[in-house]
Amino acid sequence: GESVLVPAVRIATRRLLATEWVEGLLRVDDTAGLAAAGICRRAAGRLVADVLLGEMPLRHGLVHGDPHSGNVYLRRPAAASGIPEQLVLLDHGLYHHPPAQLRLAVCRLVLACARPWVSSERVRACAEPLANELWPLLPLLLSPAFALGTGLSLSDLGEAAVGRIPPSVG
């Protein structure tokens, strides 16, 4: 949609990809620049997550192979557009194409985690085939809100939050 811009390709060879020039790009990690441009960090973060973690991989089957702050930008489009912020994606030299079965499995996991009365058994049944014994950590990668479906203790969640595998996992 209008909230995402992929600049048009001008030159594409085996070693070079050049796109049209886009004005007003702000790095996603430039908090001062985003604030000065009037871009809400929370809304921008939601847009980046929705596009790179949801829309592209799950709906279109595209995983950007190099999504760092030098390839993922934000900008404020012209006021007449009515769009508060726009995601601009660069460097399309490497994409991964997850198979439809994997995309569907991840969608099932998200739905299992997002249920009003989450069942850790259902979450496990969806996550274990994807992550084996590390299955309780997979929902946490999708959203911290999915912790309820993992059966992990507060201590386990604290370990995971600092990048350690909790003792009860694996």
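## Group meeting talk: a walk through a predicted model

Let's begin in a loop: asparagine 132 sits between helix α4, residues 120-131, and helix α5, residues 138-142. Its phi angle is near 55°, a positive value in a residue other than glycine. Please keep in mind, here and throughout, that this is a predicted model.

Now let me step back and give you the overall picture. The protein has six helices and eight strands. If you follow the elements from the N terminus, you read β-β-β-β-α-α-β-β-β-β-α-α-α-α. The C-alpha trace spans about 50 × 40 × 30 Å along its principal axes.

How much of the protein is buried? Of the 170 residues, 32% are buried. The protein exposes about 10700 Å², and carbon and sulfur atoms supply 58% of that area. Looking at contacts with a separation of 6 or more, 54% of them join residues that are 24 or more positions apart. As for charge, there are 16 positive and 15 negative charges, and their mean positions are 3 Å apart.

Next, the sheet. In what order do the strands of the open sheet run? Four strands form it, in the order β1-β7-β6-β4, and the pairing is mixed. At the edges are β1, residues 4-5, and β4, each of which pairs on one side only. Helix α2, residues 41-60, packs on this sheet and touches β1, β6 and β7. The direction of helix α2 makes about 50° with that of β7.

Let's cross the sheet, one pairing at a time. We can start at β4, residues 26-27, which pairs with β6 in the antiparallel sense over two bridges. Here leucine 26 stands opposite leucine 74 in β6. Moving on, β6 and β7 also meet in the antiparallel sense, over four bridges. Leucine 74 turns up again here, with leucine 87 as its bridge partner in β7. Finally, β7 pairs with β1 in the parallel sense, over two bridges. On that side, valine 4 stands opposite leucine 87. So if you have the structure open, try tracing leucine 26 to leucine 74, then leucine 74 to leucine 87, and then leucine 87 to valine 4.

And where do the side chains of those two middle strands go? In β6, which covers residues 72-75, Val72 and Leu74 point one way, Tyr73 and Arg75 point the other way, and all are buried. In β7, residues 86-89, Gln86 and Val88 point one way while Leu87 and Leu89 point the other, and again all are buried.

I'd like to finish with two aspartates. The first one, aspartate 66, lies in the loop between β5, residues 63-64, and β6. Is aspartate 66 buried or exposed? Neither label fits, because its relative accessibility is 31%, so aspartate 66 counts as partly exposed; the buried class is for values under 20%, and the exposed class for values over 50%. Which residues does aspartate 66 contact, leaving aside its neighbours within four places in sequence? They are Asn71 and Asp91. For a sense of distance, aspartate 66 and arginine 41 are 25 residues apart in sequence and 22 Å apart in space, C-alpha to C-alpha.

The second one is aspartate 156, and you will find it in helix α6, residues 154-161. Aspartate 156 counts as buried because its relative accessibility is 10%, and the cut-off for buried is under 20%. Setting aside neighbours within four places in sequence, aspartate 156 is in contact with Pro166, Pro167 and Ser168. Take serine 168 from that list: aspartate 156 and serine 168 are 12 residues apart in sequence, and 7.3 Å separates them in space, C-alpha to C-alpha.

To recap, we have a predicted model with six helices and eight strands, an open sheet in the order β1-β7-β6-β4, and helix α2 packed on that sheet. Thanks for listening!

Methods
Residues are numbered from 1 along each chain as its sequence is written. This is a predicted model: local features need pLDDT of at least 70, side-chain atom pairs count only at pLDDT 80 or more; totals for chains, interfaces and linings use all residues. Side-chain values use heavy atoms; hydrogens and water are left out. Buried means under 20% relative accessible area, exposed over 50%, partly exposed in between (1.4 Å probe, protein chains only). Contact means heavy atoms within 4.5 Å. Accessible areas come from the Shrake-Rupley method with a 1.4 Å probe; for residues, only the protein chains shown count as cover. Lys and Arg count as positive and Asp and Glu as negative; His and the chain ends are not counted. The place of a charge is taken as NZ of Lys, CZ of Arg, CG of Asp or CD of Glu. Two strands pair if DSSP finds at least two bridges between them. Axes are lines fitted to C-alpha atoms, for helices over the stretch in contact, and angles run from 0 to 180 degrees between N-to-C directions.
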